[in-house]
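The following note sets out several points for a colleague who is examining the model. Each point takes up one topic and may be checked against the coordinates.

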Amino acid sequence: MGRVICLVSGKGGVGKTTLASNIAMALNNFGKNTVVIDTNLTTPNLGFHLGVPLYPKTFHDVLNGTATYEEATYTHPSGLRVMPAGISLRDLKNTNLSQMDNVVLDIADNHDIVILDGAAGLGKEGKASLSAADEALIVTNPQLPSVTDALKTIKIAEELGTKILGVALNRSKNHPSELSQNEVEALLGYPVISIIPDENHIIDSLAAKTPIVAFKPNTRSAQEIKKLAACLIGIDYDIPVQKEYGLFSRIFGFLKG
Ligand SMILES: Nc1ncnc2c1ncn2[C@@H]1O[C@H](COP(=O)(O)OP(=O)(O)OP(=O)(O)O)[C@@H](O)[C@H]1O
Ligand SMILES: [Mg+2]
């Protein structure tokens, strides 16, 4: 039976889908048989992040019993398995959330790791993904509104008995106005296990429909996400010295032509 890890947040737009697609791809590259599922059923967009073409069958159909896992799963050129959610309003209206636990359990039987890209907020959808998962990674930005909303999600995860792996602090700009790692840990009561910088490369990677770990694997954000994925499976990953982005190397590179 594989592990089921859900990425959740209180506030929307903090980077769950970005991290879910990247972590899943990194885990798959580490040799773990991984599937990433879009459990954000009302505003799904995992498919866009991974360049999945419009798909005839989706997670909605699997939940409603009108498609099998195989029919609703796309294999990315990298080998990663992806189950997108339906983007039509019809899908939105008829979704059987009560089936999520069983469906995910079945899928976990045939994989090492199932990553669930969760919905923001504290509604039924977010709760359904948290309840279908064994473990949760809390995603937040280093600003107070996002952290206070993360705290509410943590309370729900605790009530549901989902083990919290820690906090991923995304879009850090190292700005004095941001909450520090210590402050976030004190507010949430869980360790920050990764700090991912705010980088325009990530916005470019979304436009290119390719996760940053494949699009620009040497960037700091890609390396931090790889390290986070490695940490989730208990392996050490040392970030190589960022030669190409250091000032010295850039000057040196320029002089070398
Ligand atoms: N580290 C980062 N640096 C720069 N941009 C980022 C970073 N992480 C995410 N983004 C951008 O922030 C936006 C929101 O990210 P994303 O869709 O992953 O958030 P989300 O939490 O899944 O949102 P939702 O709650 O709507 O599902 C995207 O445009 C994404 O490219
Ligand atoms: Mg999302």
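Which residues come nearest to ligand 1?

1. Surroundings of the ligand. The model is a predicted one. Around ligand 1 there are 20 residues, and those that come nearest are Gly12, Gly15, Thr17, Thr18 and Ala120. Three elements give two or more residues to this shell: helix 1 (16-29), strand 7 (163-172) and helix 9 (200-207). By residue class, the shell around ligand 1 consists of 10 polar, 6 nonpolar and 4 charged residues.

2. Overall composition and dimensions. The protein contains 12 helices and 8 strands. Its radius of gyration is 18 Å, close to the 18 Å given by the globule rule for 257 residues, so the protein is as compact as a globular protein of that length. The C-alpha trace spans about 60 × 40 × 35 Å along the principal axes.

3. Burial and contacts. Of the 257 residues, 43% count as buried. Where contacts join residues at least 6 apart in sequence, 74% of them link residues at least 24 apart.

4. Sheet architecture. The 8 strands form an open sheet with mixed pairing, in the order 3-4-2-5-1-6-7-8. The edges are occupied by strand 3 (74-75) and strand 8; each has a single partner strand, so one side of each lacks a neighbour in the sheet.

5. Strand 1. Is this strand enclosed or open to its surroundings? Of the 7 residues of strand 1 (residues 3-9), 6 are buried, so the strand is largely enclosed by the rest of the structure. In the sheet order, strand 1 stands between strand 5 and strand 6. With strand 5 (residues 113-120), strand 1 pairs in the parallel sense over 6 bridges. Among the residues of strand 5, isoleucine 113 is the bridge partner of arginine 3, and valine 114 is that of valine 4. The pairing of strand 1 with strand 6 (residues 135-140) is likewise parallel, over 4 bridges. Within strand 6, alanine 136 is the bridge partner of cysteine 6.

6. Strands 7 and 8. Strand 7 pairs with strand 8 (residues 192-197) in the parallel sense, over 5 bridges. Asparagine 170 has isoleucine 196, in strand 8, as its bridge partner. Between the two strands the chain passes through helix 8 (residues 181-188), and this β-α-β crossover is right-handed. Strand 7 is also one of the elements that give two or more residues to the shell around ligand 1.

7. Arginine 171. This residue merits inspection of its backbone. Although arginine 171 is not a glycine, its phi is positive, at about 65 degrees. Arginine 171 is placed in strand 7. Is arginine 171 buried or exposed? The residue counts as buried because it has 22 C-beta neighbours inside 10 Å, where the cut-off for burial is 20 or more.

8. Lysine 209. A second backbone angle may be examined alongside the preceding one. Lysine 209 is a residue other than glycine with a positive phi, near 55 degrees. Lysine 209 lies in the loop that runs between helix 9 and helix 10 (212-215). With 14 other C-beta atoms within 10 Å, lysine 209 is partly exposed, whereas arginine 171 counts as buried.

Methods. Residues numbered from 1 in each chain as written. Chains lettered and ligands numbered in written order. Predicted model: local features only at pLDDT ≥ 70, side-chain atom pairs only at ≥ 80, totals over all residues. Rg over C-alpha atoms; globule rule 2.2 N^0.38 Å. Buried ≥ 20, exposed ≤ 12 C-beta atoms within 10 Å, placed from the backbone. Contact = placed C-beta atoms within 7 Å. Near = placed C-beta within 6 Å. Nonpolar A, V, L, I, M, F, W, Y, C, P; charged D, E, K, R; others polar. Pairing = 2+ DSSP bridges. Right-handed = clockwise from strand over helix to strand, strands pointing away.
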